[in-house]
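Please walk through the structure below with attention to how its charged and polar side chains are placed. The text starts from a question about salt bridges and then moves outward to the rest of the chain.

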Amino acid sequence: MTLPYVDPQPPRSRLYMAFARLLGTRPAGWLSRKVVWRLDPYVMRLTRGRVGFGLLLPTALLETRGAKSGLARQNGVIYFNDGDRVTIIASKLGLPENPSWYYNAVAHPDLVLGGRAFHAVVVEDETERERLWGLADRVFPPYASYRESAGRTGRTIPILQLSPR
């Protein structure tokens, strides 16, 4: 299984942008929270990462170890490349809490994305975060509204950069 390179710079097609906007709606968010997050890892594993519920979006299977249990955990995540690093956003639709995979990645930063081994680092520098948000918004425009929602609850959405191991 190879992890395709996702350049965040080129403009996206109208179909892609329409699909991304659809996924940013409240009904799609409900479906994502209640159903998709549970099924996506199975679909991605069965298709060796070729198909996931993100369909047009650049998604990959993130494999972490539980922060407390140490057990294997799998989640589908949107990603993009930044040079030789890969960036993932712990948005959880802008809800008040971070996704569990974020805590797993912080506790056990050696992880696997799309079948490739990486080491995760949380981006703390505000200038770097701003630059990465600019790229992330090009890949998935609903991130902007997720930031607003999270901000209203006092949460800052974490950005993780993954370096190859």
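Which residues are linked with D82 in a network of salt bridges? In this predicted model, the network joins D82, R85, E128 and R131. The search of the whole structure that found these pairings gives seven salt bridges.

Two of the pairings in the network can be described atom by atom. Between D82 and R85, the closest N and O atoms are 3.2 Å apart. D82 counts as buried because its relative accessibility is 12%, and a residue is called buried under 20%. R85, at 29% relative accessibility, is partly exposed. The other pairing is between E128 and R131, whose closest N and O atoms lie 2.7 Å apart. These two residues are three places apart in helix α4, so about one helical turn separates them. R131 is partly exposed, with a relative accessibility of 37%.

A further salt bridge in α4 joins E126 to R129, with 3.4 Å between the closest N and O atoms. The spacing is again three residues within the helix, so E126 and R129 are about one helical turn apart. An α-helix has 3.6 residues a turn, so residues three or four places apart point the same way. Side chains of opposite charge can pair when their charged atoms come close. The accessibilities of this pair fall in separate classes: E126 is partly exposed at 48%, while R129 is buried at 7%.

Helix α4 itself covers residues 126-139, which is 14 residues. From its first C-alpha to its last it reaches 20 Å, close to the 20 Å expected at 1.5 Å a residue. The N-terminal end of α4 is capped by D125, which has a side-chain oxygen 3.4 Å from the backbone nitrogen of T127. The buried residues of the helix include R129, L132, W133, L135, A136 and V139. What covers them includes the helices α1 (14-23) and α5, together with the strands β2 (72-82), β3 (85-89) and β6.

Strand β3, part of that cover, contains T87. Is T87 buried or exposed? T87 is buried, because its relative accessible area is 0%. The side chain of T87 makes a polar contact of 2.5 Å with the side chain of Q161. Leaving aside neighbours within four places in sequence, T87 is in contact with I78, Y79, F80, D82, L132, I159, L160 and Q161. Two residues met earlier are on that list: D82, from the salt-bridge network, and L132, from the buried residues of α4.

Another buried residue is R155, and here the pairing of charges is absent. R155 lies in the loop between α5 (143-152) and β6 (159-164). Which side chain of opposite charge is nearest to R155? That side chain is E97, 6.8 Å away, and R155 has no salt bridge. The cut-off for a salt bridge is 4 Å, so the distance of 6.8 Å from R155 to E97 does not qualify. A polar atom of the R155 side chain does lie 2.7 Å from the backbone oxygen of L95. Not counting residues up to four places away in sequence, R155 touches A90, S91, K92, G94, L95, P96, E97, N98, P99 and A150.

P10, found in the segment before α1, gives a case of residues distant along the chain. P10 and R138 are 128 residues apart along the chain, yet 8.4 Å separates their C-alpha atoms. P10 counts as partly exposed because its relative accessibility is 34%.

The remaining values describe the chain as a whole. Its secondary structure comes to five helices and six strands, and from the N terminus on the elements run α-α-β-β-β-α-β-β-α-α-β. Of the 165 residues, 42% are buried. Among contacts between residues at least 6 apart in sequence, 71% join residues at least 24 apart. The chain exposes about 9100 Å², of which carbon and sulfur atoms supply 57%.

Key: Residues are numbered from 1 along each chain as its sequence is written. This is a predicted model: local features need pLDDT of at least 70, side-chain atom pairs count only at pLDDT 80 or more; totals for chains, interfaces and linings use all residues. Side-chain values use heavy atoms; hydrogens and water are left out. Helices (H or I, at least four residues) and strands (E, at least two) are DSSP runs, numbered from the N terminus. Buried means under 20% relative accessible area, exposed over 50%, partly exposed in between (1.4 Å probe, protein chains only). Lys and Arg count as positive and Asp and Glu as negative; His and the chain ends are not counted. A polar contact is a pair of N or O atoms within 3.5 Å; within protein, one must be able to donate a hydrogen and the other to accept it, and residues adjacent in sequence count only if both atoms are side-chain atoms. Contact means heavy atoms within 4.5 Å. Accessible areas come from the Shrake-Rupley method with a 1.4 Å probe; for residues, only the protein chains shown count as cover. The expected span of a helix is 1.5 Å times one less than its number of residues.
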